[in-house]
Amino acid sequence: QVQLVESGGGLVQPGGSLRLSCAASGSIFSINAMGWYRQAPGKQRELVAAIRIGGRTNYADSVKGRFTISRDNAKNTMYLQMNSLKPEDTAVYYCNAVEVVPGLPEVDYWGQGTQVTVSS
């Protein structure tokens, strides 16, 4: 089992910045990849950014150059630095972790979500 707790959401003006954090606990040694997803009202949940073992990252086209995903293994925490925020970035942001155990199906874990609102 993996537990994920997000923090860092809030209200910010367009052009501003926020940093989200996701603290992981439990069977963290079995986590193969982590990521941030978001879901705006009336829309499907979408991948924002992901980071894999070894540090390889990928981003949604809509956030490339503005958002940066990182992971501090010593603190078991993942971050999402969001700069140049736009109103269309408004959503609930969810932390995700993928657990891989040889011989078993992959398991997805989710945090409770944190609201990010970009508005003047």
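## Buried charges, a disulfide and two unusual loop residues

Arg66 has a relative accessible area of 10% and therefore counts as buried. That value belongs to a predicted model, and the description below, which begins with the charged side chains, concerns this model throughout.

Arg66 is paired with Asp89 in a salt bridge, in which the closest N and O atoms are 2.8 Å apart. This pair links distant parts of the chain, since Arg66 sits in the loop between strand S6 (57–59) and strand S7 (67–72), whereas Asp89 sits in the loop between strand S8 (77–82) and S9, with the two positions 23 residues apart in sequence. Asp89 has a relative accessibility of 0%, so this residue, too, counts as buried.

A search of the whole structure finds 4 salt bridges, among them the three set out in the table.

| Salt bridge | Closest N and O atoms |
|---|---|
| Arg38 and Glu46 | 2.7 Å |
| Asp61 and Lys64 | 3.1 Å |
| Arg66 and Asp89 | 2.8 Å |

Arg38, Glu46, Arg66 and Asp89 are linked with one another in a network of salt bridges. Within this network, Arg38 is buried at a relative accessible area of 6%, while Glu46, at 36% relative accessibility, counts as partly exposed. Asp61, the partner of Lys64, has a relative accessibility of 64% and counts as exposed.

The covalent cross-link comes next. The structure contains 1 disulfide, which joins Cys22 to Cys95 with an S to S distance of 1.9 Å. Because the torsion about the S-S bond of Cys22 and Cys95 is about -70 degrees, the disulfide is left-handed. Cys22 belongs to strand S3 (residues 18–26) and Cys95 to strand S9 (residues 91–99), so the pair ties together parts that are 73 residues apart in sequence. Both of these residues, Cys22 and Cys95, are buried.

Thr114 is a further buried residue, with a relative accessible area of 11%, and its place is in strand S11 (residues 114–118). A polar atom of the Thr114 side chain lies 3.3 Å from the backbone nitrogen of Gly9. When residues up to four places away in sequence are left out of the count, Thr114 touches Glu6, Gly8, Gly9, Leu20, Ala91, Val92 and Tyr93. Gly9 therefore appears both among the residues that Thr114 touches and as the owner of the backbone nitrogen that lies 3.3 Å from the Thr114 side chain, a separation that falls within the 3.5 Å used for a polar contact.

Two loop residues deserve a look at their backbone angles. Asn76, which is found in the loop between S7 and S8, has a positive phi of about 55 degrees although it is not a glycine. With a relative accessibility of 32%, Asn76 counts as partly exposed. Ser84 is placed in the loop between S8 and S9, and here the phi is again positive, at about 50 degrees, although Ser84 is not a glycine. Its relative accessible area of 41% makes Ser84 partly exposed. The loop between S8 and S9 thus holds Ser84 as well as Asp89, the salt-bridge partner of Arg66, and because buried means under 20% relative accessible area and exposed over 50%, Ser84 at 41% is partly exposed, whereas Asp89 at 0% is buried.

Conventions:
Residues are numbered from 1 along each chain as its sequence is written. This is a predicted model: local features need pLDDT of at least 70, side-chain atom pairs count only at pLDDT 80 or more; totals for chains, interfaces and linings use all residues. Side-chain values use heavy atoms; hydrogens and water are left out. A disulfide is a pair of cysteine sulfur atoms within 2.5 Å. Helices (H or I, at least four residues) and strands (E, at least two) are DSSP runs, numbered from the N terminus. Buried means under 20% relative accessible area, exposed over 50%, partly exposed in between (1.4 Å probe, protein chains only). A salt bridge is a side-chain nitrogen of Lys or Arg within 4 Å of a carboxyl oxygen of Asp or Glu. A polar contact is a pair of N or O atoms within 3.5 Å; within protein, one must be able to donate a hydrogen and the other to accept it, and residues adjacent in sequence count only if both atoms are side-chain atoms. Contact means heavy atoms within 4.5 Å.
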